Amino acid sequence: MSRFVIRGGNKLYGRVNVKSAKNAVVALLAGAVLGGDEIILRNCPNITDCKNMLKILKNLGCAVKREGDVVCIDPRTVCRHEIPSDLARELRSSIFLLGPILAKLKVARVAYPGGCEIGLRPIDVHLKGLEALGVKIEESNGYINCDASAMRGGHVHLDIPSVGATENVMMAATMADGDTVIYNSAKEPEITDLASFLVSMGADVRGAGTSTIYVRGNTRFHGTDYEPIPDRIVAGTYVIASAMCGGELEICNTRAEHLESLISKLRQYACKITVESDKIIVCSSARPYARELVETTPYPGFPTDLQAPMTALASVSKGTTVIVENMFETRFKHVSELVKMGARIIVRGRNAIVVGVKSLSGAEVCAKDLRGGACLTLAGLAANGVTVVHGVNYIDRGYEDMAEVIRGLGGDIVRSD
Ligand code: EPU
């Protein structure tokens, strides 16, 4: 397993260019299966989740090519309807392909998805949503077998506003007979981006970004040339890094409106943040002040994907923060590692009580999921002494060249494979 060796204490100065959002790109790659011609996606990050998604597309029969950060997919040759378990277990978003495969081939056999172990992560809402469109589903031996020969548009009420379920139903509905209304949809920017991408290929999808999405079926899809939205979680991670380490960072290619919940929270932490067109500039010279409560909720609330980095920041801020994780059941695995570095944190169920300490001290720690890995890296950068972060392959799922980017900002971090 790869590791980062970090000598903490350096301030960070310079510019970070943010690539397209992992959680948008993986959904768009699923949607690419629907295309009627070549699809070009720009500014795609070179991260493991994208690589694994491309492997699955190839396995389904798509022609796939990557040149730098441009990915080209030709889905006209899609011929297989199965995602075997060795490919599906590599990432959660393999399940996002269920809707598109059904839309295109009317039949699918998909193994249960993998992904970071941050909670139960069932897929019942995805399956109920597809059933509401007339898909027949049967589960056996770790596979979901679906028959969409009678799929038609309809009214779908999602029990919870699941990001993945909204995406799956939206994509399936584009090729069903008739119109679909999805109630209680997720409102994350990645949903809006997927809708824009589908529209750019000829679909009629309205209302994305609100809780009711309307999809007109029987789309005749063509190809597209599309740049997905910037990664708000990567941008947010570097914003938090700057607040923890001090210095001045300019984070470019961002949409500050997607990070309003973080920016307003950090301003309460007394961080100086300026927004200029597509840039977020963070300037920090003093230890931040903790501000009582950080509670994760669906967009536009505070994102669960920034909870771990935010816990790292709270652990070195003046005062106490209560962090409430409402989205996933076991997303505090970074806490025991932060405690090894001298953090004062108690976890009770879904709440972590973080009493800020003046400084953390370097230690040997282990990332157990993607965002937890980012959190430990930030903690190491701010700590006294040397920190070794094991399990860097989790970080590779969602952050392109994290060590190199940080080194470019003046951080003392080396990767050893
Ligand atoms: N849920 C169910 N049943 C379902 C689906 C979801 O109970 O059928 C529950 C989940 O267990 C969870 C909650 O609903 O407690 C929210 O899950 P959601 O379906 O919205 O999440 P997701 O689609 O699996 C995406 C992102 C996650 C991000 C969440 C929430 C992708 C590939 N993943 O996951 O990103 O945390 O939305 O915003 O889009 C990450 O990037 O580190 C990451 C985990």
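Okay, let's start with Val316: skipping its neighbours within four places in sequence, Val316 is in contact with Met244, Arg287, Val357 and Leu360. Keep in mind that this is a predicted model. Val316 sits in the loop between helix 10 (307-315) and strand 19 (320-324), and even in a loop position it comes out buried, at 8% relative accessible area. There's also a long-range pairing in sequence terms: Ala379 is 63 residues apart from Val316 along the chain, and their C-alpha atoms are separated by 8.6 Å.

Next up, Thr180. This one is in strand 11, residues 179-183, and it's buried, with a relative accessible area of 1%. So what does the side chain of Thr180 reach? That would be the backbone nitrogen of Gly154, at 3.3 Å. Gly154 also turns up in the contact list of Thr180, again leaving aside neighbours within four places in sequence, along with Leu133, Gly153, Val156, Ala173, Ile213, Tyr214 and Val215.

Last topic, the cysteines. How many disulfides does a search of the whole structure find? Zero. Take Cys252: its closest cysteine sulfur is in Cys283, and because that is 15 Å away, it's too far for a bond. For the record, the cut-off for a disulfide is sulfur atoms within 2.5 Å. Cys283 isn't in a disulfide either; its nearest cysteine sulfur belongs to Cys271, 10 Å away. As for surroundings, Cys252 counts as buried at 7% relative accessibility, while Cys283 is partly exposed at 30%.

Note on methods. Residues are numbered from 1 along each chain as its sequence is written. This is a predicted model: local features need pLDDT of at least 70, side-chain atom pairs count only at pLDDT 80 or more; totals for chains, interfaces and linings use all residues. Side-chain values use heavy atoms; hydrogens and water are left out. Helices (H or I, at least four residues) and strands (E, at least two) are DSSP runs, numbered from the N terminus. Buried means under 20% relative accessible area, exposed over 50%, partly exposed in between (1.4 Å probe, protein chains only). A polar contact is a pair of N or O atoms within 3.5 Å; within protein, one must be able to donate a hydrogen and the other to accept it, and residues adjacent in sequence count only if both atoms are side-chain atoms. Contact means heavy atoms within 4.5 Å.
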